[in-house]
Amino acid sequence: MSSNAEWTARSKAHVWHPCTQMKDHEWLPLIPIKSAQGVWLEDFEGQRYIDAISSWWTNIFGHRHPYIIEQLKNQLDTLDHVMLAGFTHQPVVELSERLCQITPPGLSRCIYADNGSSAVEVALKMSFHYWKNIGKPQKTRFIALENGYHGETLGALAVGGPSMYRDTYAPLLLSPIFVPSPDCYERAPGESWEDYTRAQFRHMERALQQHASETCAVILEPLVQCAGAMRMYHPIYLSLLREACDRHNVHLIADEIAVGFGRTGTLFACEQAPPLTPGDASGITPDFMCLSKGLVSGTLPLAVTLTHDAIYDAFYDEYKTGKAFLHSHSFTGNPLGCRAALATLDLFERENTLASNRLLSHLMWTQTAELRRHPHVAEVRQQGMILAIEMVKDAQRKTPYPASERRGLRVYQYGLEHGVLLRPLGNVIYLMPPYVITPKQIEHIAQVALRGIDAATRD
Ligand SMILES: *Cc1c(COP(=O)(O)O)cnc(C)c1O
C-alpha cells in the first residue's frame with residue numbers, strides 16, 4: 001500500500017478525524033502524510049507542503065529536528081515511562097528546574113499533564129481548591145474573556161468564549177462570567193491599540209468589582225486569542241489585570257499554551273506587560289501558567305501548569321486534613337515528553353532563537369505589504385511569529401463574508417494546490433511557521449496566501 005488514495009480510503013473507513021465534519025471528505029481531499037523534515041510535510045506520492053502553521057502551532061524547530069531525535073533516542077534507550085506518583089526521574093526533575101528558571105519570577109512548582117486542555121483543568125481545579133483550603137469555599141466561579149479558547153475538555157471548554165466549539169455543549173458546562181475581549185480589531189479608526197485595550201479593561205474591572213467574592217480566578221490567553229481567529233491586544237491589559245486581581249484577591253491564570261515559547265517575540269507573552277509605575281520592571285507573574293504545544297517542539301504530548309509557593313503551601317499539610325491535590329493522568333510527566341522539552345530549551349539557548357526570529361517576523365511583515373492594500377483585507381496584524389490576515393467582503397467597512405460561504409476553506413485548498421499548508425480560522429488566514437523557516441520560504445508562503453485570497457474573493 002503506498003498511494004494517497006489507498007491511505008485516504010483506509011483512514012476514512014476507521015479514523016474519526018478531529019474538528020471535522022467527516023462528510024466534507026466526500027469532496028475535500030484528506031491528505032495522507034508519509035514523512036516530514038524541517039518545514040516540509042510529504043505525502044505518499046511525493047507532493048510536498050510547507051507547514052506554515054506549525055502543525056496546529058506545536059512545531060517550532062521543524063519536523064524531526066536532528067538534535068531532538070538524538071535526545072529522544074537516548075531517552076528511549078534509558079527510561080520509557082514510569083508513573084510519577086511515588087516515583088521521580090531525571091528528565092522531569094531537570095525540566096522542572098529549568099522551567100522555574102525561565103518562566104516569570106516566583107513560579108516555583110510544576111504539575112504535569114499530557115495535553116493543553118488538561119493543563120487548564122489543573123489550573124481551574126487547583127485555584128478553586130486553594131480557596132477552599134484557606135477557608136473561602138464560596139469562591140466557585142471564573143472570569144473569562146469573550147472569544148477566548150482554552151481547550152476541549154468540559155472545564156476548559158466552559159471558560160472558552162461563546163463559539164461554535166462551546167455552544168453545542170452549553171448545558172453541560174460551568175457558567176463563567178464572560179467579559180468583552182480587548183481584541184483590537186474592533187477599535188475605532190485612528191485609535192491606538194493601547195488606548196483601545198485600556199478602555200476595554202473597564203469591563204474587567206467592573207466584573208471583578210461585582211464578582212470577586214465568588215470568583216476563583218480570571219483566565220486568559222496573553223496577547224493573542226489564537227483559536228479566536230488570532231485576535232490580538234496590547235500588553236497593557238496584562239499589567240492592569242495583574243494589579244486588579246491582586247487588589248480583588250482573585251487568581252490570574254495565563255494560558256500560554258499557544259503563545260509560549262517565543263511565538264509573540266518574547267519567550268513568554270507575560271514578559272511584555274509594561275510597568276504601571278515608571279521605573280518598575282516589566283512583565284507579570286501569573287498565579288498559574290499553562291504550557292504545552294511548543295514546549296515539546298510538536299513531538300510528543302506533554303503539558304505543564306506552573307504555580308508559586310503560596311498556592312503550594314495551602315495544600316501542604318497532614319494527609320488527614322484532606323487538603324492534597326488528588327489529580328493525575330496516567331502519562332503525567334512522561335520521561336520522553338520531558339526529554340523532548342529539555343531538548344527544546346537547549347535549542348533556544350544554542351541557536352539564539354528569539355534574536356533570529358526578530359528578523360523572520362520582520363520579513364513576515366514586509367512580505368505581506370501587498371495584502372495590506374488588498375480590497376478584501378480589513379487588517380493584517382502581527383505579534384512576533386504570528387501574522388493574521390482578516391479577509392472580508394468590504395475592507396473599508398470591515399463587512400465580513402458570511403461564514404456559510406466558507407471562503408477560508410478556498411484559501412486552504414489553494415494553498416494545498418500550491419504546496420503550502422495554511423488552515424484558516426474562518427475567514428482569517430494566518431502564518432505561524434516553524435522558526436527554522438527560511439526568508440525565501442516566507443516569501444513563498446506570503447505569495448501563496450495573497451494569491452489564495454485573490455482566488456477566494458474573485459466572485
Ligand atoms: C491548543 C490550546 C489549548 C488546548 O490544548 P490541547 O493540547 O489541544 O488540549 C488550550 N489553550 C490554548 C490557548 C490553546 O491554543
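Here are three short exercises on helix packing and ligand contacts, each with a worked solution.

This is a predicted model, in which local features need pLDDT of at least 70, side-chain atom pairs count only at pLDDT 80 or more, and totals for chains, interfaces and linings use all residues. Residues are numbered from 1 along each chain as its sequence is written, and side-chain values use heavy atoms, leaving out hydrogens and water.

**Exercise 1.** Find which residues surround the ligand, and pick out its polar contacts.

*Solution.* Start with the neighbours, taking a residue as near if one of its heavy atoms lies within 4 Å. They are Trp-57, Asn-115, Gly-116, Ser-117, Tyr-149, His-150, Gly-151, Glu-221, Asp-255, Ile-257, Ala-258 and Lys-293. Next, look for polar contacts (a pair of N or O atoms within 3.5 Å). Gly-116 places a backbone N or O atom 2.8 Å from a ligand oxygen. A polar side-chain atom of Lys-293 is 2.6 Å from an oxygen atom of the ligand. For Asp-255, a side-chain N or O atom sits 2.6 Å from a nitrogen atom of the ligand.

**Exercise 2.** Describe how helix α12 packs on helix α13.

*Solution.* Helices here are DSSP runs (H or I, at least four residues), numbered from the N terminus. Axes are lines fitted to C-alpha atoms over the stretch in contact, with angles from 0 to 180 degrees between N-to-C directions. The axes of α12 (residues 407-417) and α13 (residues 439-456) come within 8 Å and cross at roughly 130°. That makes α12 oblique to α13, since angles under 35 degrees count as roughly parallel, over 145 as roughly antiparallel, 65 to 115 as roughly perpendicular and the rest as oblique. Now list the contact (heavy atoms within 4.5 Å): α12 brings Arg-407, Arg-410, Val-411, Tyr-414 and Gly-415, while α13 brings Val-448, Arg-451, Gly-452, Ile-453, Ala-455 and Ala-456.

**Exercise 3.** Work out how α10 is arranged against α11, and then against α3.

*Solution.* Take α11 (residues 353-366) to begin with: its axis and that of α10 come within 6 Å and cross at roughly 70°. The two helices, α10 and α11, are therefore roughly perpendicular to each other. Leu-347, Phe-348 and Glu-351 of α10 meet Thr-353, Leu-354 and Ser-356 of α11. Turning to α3 (residues 66-76), this helix packs with α10 (residues 335-351) at about 145°, with the axes 9 Å apart. Residues in that contact include Tyr-67 and Ile-68 of α3 and Pro-335 and Leu-347 of α10.

Key. Polar contact = N/O pair within 3.5 Å; in protein donor to acceptor, adjacent residues only side chain to side chain.
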